[in-house]
Number of protein chains: 2
Amino acid sequence: MSELKEFCLKSETVFQGKILEVKLDQVKLKNGRTSSREVVLHPGAVGIIPFVNEAEIVLVRQYRYPVREELLEIPAGKLDPGESAESCAIRELEEETGYKAEKLNYLGSIYTSPGFSSEVIHIYWAEQLDFTRANPDPDEILETVTIDFEKAVKMCLDNKIKDAKTVVALIKMWLERGR
Amino acid sequence: MSELKEFCLKSETVFQGKILEVKLDQVKLKNGRTSSREVVLHPGAVGIIPFVNEAEIVLVRQYRYPVREELLEIPAGKLDPGESAESCAIRELEEETGYKAEKLNYLGSIYTSPGFSSEVIHIYWAEQLDFTRANPDPDEILETVTIDFEKAVKMCLDNKIKDAKTVVALIKMWLERGR
């Protein structure tokens with residue numbers, strides 16, 4: 001494999017929000033040229049497929065303002081500073097759905113938009129769930145939906161579920177089960 | 001389905017780069033509260049699985065500065081203003097790989113990070129390819145890799161390919177072929 005690495009010459013924060021930090025970096029390319037890179041820094045996130053029984057999972061429906069659409073997604077959330085992906089998965093699942101997972105299984109990780117964002121999402125499936133109480137962020141209005149797993153997979157294949165992490169998670173899980 | 005829509009009260013551009021525009025909006029939630037939303041505006045993009053023959057596809061390897069890693073991905077690129085997704089797919093495929101597609105087939109669309117970005121990627125697979133000449137953007141250093149399709153699918157399942165659009169595209173394609 002050749003080395004295509006780009007080296008940072010200069011880095012400037014051009015926006016610091018509550019959620020996003022945007023950097024404008026100058027980089028040196030392998031061909032000697034310099035170029036600029038606009039980067040959205042992201043702390044990383046997790047997504048979880050919660051199986052309430054062998055056949056059914058819990059998804060969340062929420063309005064996603066950036067795309068102006070209500071989407072059906074697996075429960076997910078951002079890592080707190082210093083938090084492990086597994087702890088975050090258990091915390092976010094309980095906050096969003098009220099289910100506390102006894103067992104987590106790793107399915108893989110994805111970069112959602114590696115051209116402009118550092119976001120990585122670690123994907124798990126969870127089993128042995130105990131219902132406690134949902135406690136969503138007050139700025140996040142969610143509805144939980146219990147749905148047949150096979151039906152949700154079909155919705156991914158039919159382009160009715162369009163959130164990337166959810167499509168990856170459900171289709172990988174489906175293939176994993178069938179292997 | 002309930003109505004979870006959020007209404008924009010105020011919108012401000014907080015960063016305008018060459019690639020990204022970042023907005024800070026104030027929104028009214030369904031519960032009456034107001035909240036802020038940090039949004040990366042994106043023009044939309046396409047990704048293409050180019051089949052050079054029945055068994056092999058072309059992927060591109062490039063250094064993705066935001067995640068500081070070389071990734072193997074399907075050819076992809078952003079829509080120009082007013083450009084249709086199909087025209088963009090044909091143009092980007094030829095620019096990045098040198099292959100001109102005679103036939104495009106739609107596989108579906110994904111939102112890559114709907115929590116903070118408006119990016120949507122329309123995914124196609126292409127066949128009947130004629131090699132002309134690659135003409136990549138001078139700021140984008142790419143290597144093309146011709147690879148067995150089944151091997152690339154296995155790399156997705158084994159978490160060796162981690163770019164979200166590529167995982168969705170290859171696994172959906174694989175299931176589509178098998179259906």
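**Exercise 1.** State how many residues each chain gives to the contact between chain B and chain A in this predicted model, and describe the side that belongs to chain B.

*Solution.* Step 1: chain B gives 59 residues to the contact, and chain A gives 59 residues. Step 2: on chain B, the elements with two or more residues on the side that touches chain A are the strands β1 (7–16), β2 (21–28), β3 (34–41), β5 (56–64), β6 (69–73) and β8 (99–111), together with the helix α3 (164–178). Step 3: sorted by class, this side of chain B holds 30 nonpolar, 14 polar and 15 charged residues.

**Exercise 2.** Find how chain B is related to chain A.

*Solution.* Step 1: a turn of 180 degrees with a shift of 0.0 Å along the axis lays chain B on chain A, with an RMSD of 0.0 Å. Step 2: the two copies are therefore related as by a two-fold rotation axis. Step 3: both copies use the same surface, as 100% of the contact residues of chain B recur in chain A.

**Exercise 3.** Determine which residues of helix α2 (residues 149–157) of chain B are buried, and what they pack against.

*Solution.* Step 1: B:Phe149, B:Ala152, B:Val153 and B:Cys156 are buried. Step 2: these residues lie on the same side of α2(B), because they cover an arc of only 100 degrees around the axis. Step 3: the buried residues of α2(B) pack against β5, β10 (142–148) and α3 of chain B. Step 4: B:Asn159, which follows α2(B), has a positive phi, near 65 degrees.

**Exercise 4.** Give the domains of chain A and the distance between their C-alpha centres.

*Solution.* Step 1: the domain assignment gives domain 1 (7–41) and domain 2 (45–178). Step 2: the C-alpha centres of domain 1 and domain 2 of chain A lie 30 Å apart.

Definitions and conventions:
Residues are numbered from 1 along each chain as its sequence is written. Chains are lettered from A and ligands numbered from 1 in the order in which they are written. This is a predicted model: local features need pLDDT of at least 70, side-chain atom pairs count only at pLDDT 80 or more; totals for chains, interfaces and linings use all residues. Domain bounds come from an automatic or database domain assignment. Copies are superposed by least squares on the C-alpha atoms of residues with pLDDT of at least 70 in both. Two residues are in contact if their C-beta atoms, placed from the backbone, lie within 7 Å. Helices (H or I, at least four residues) and strands (E, at least two) are DSSP runs, numbered from the N terminus. Ala, Val, Leu, Ile, Met, Phe, Trp, Tyr, Cys and Pro count as nonpolar, Asp, Glu, Lys and Arg as charged, and the others, Gly among them, as polar. A residue is buried if 20 or more other C-beta atoms lie within 10 Å of its own, exposed if 12 or fewer, and partly exposed in between; C-beta atoms are placed from the backbone. The arc is that of the directions from the helix axis to the C-beta atoms.
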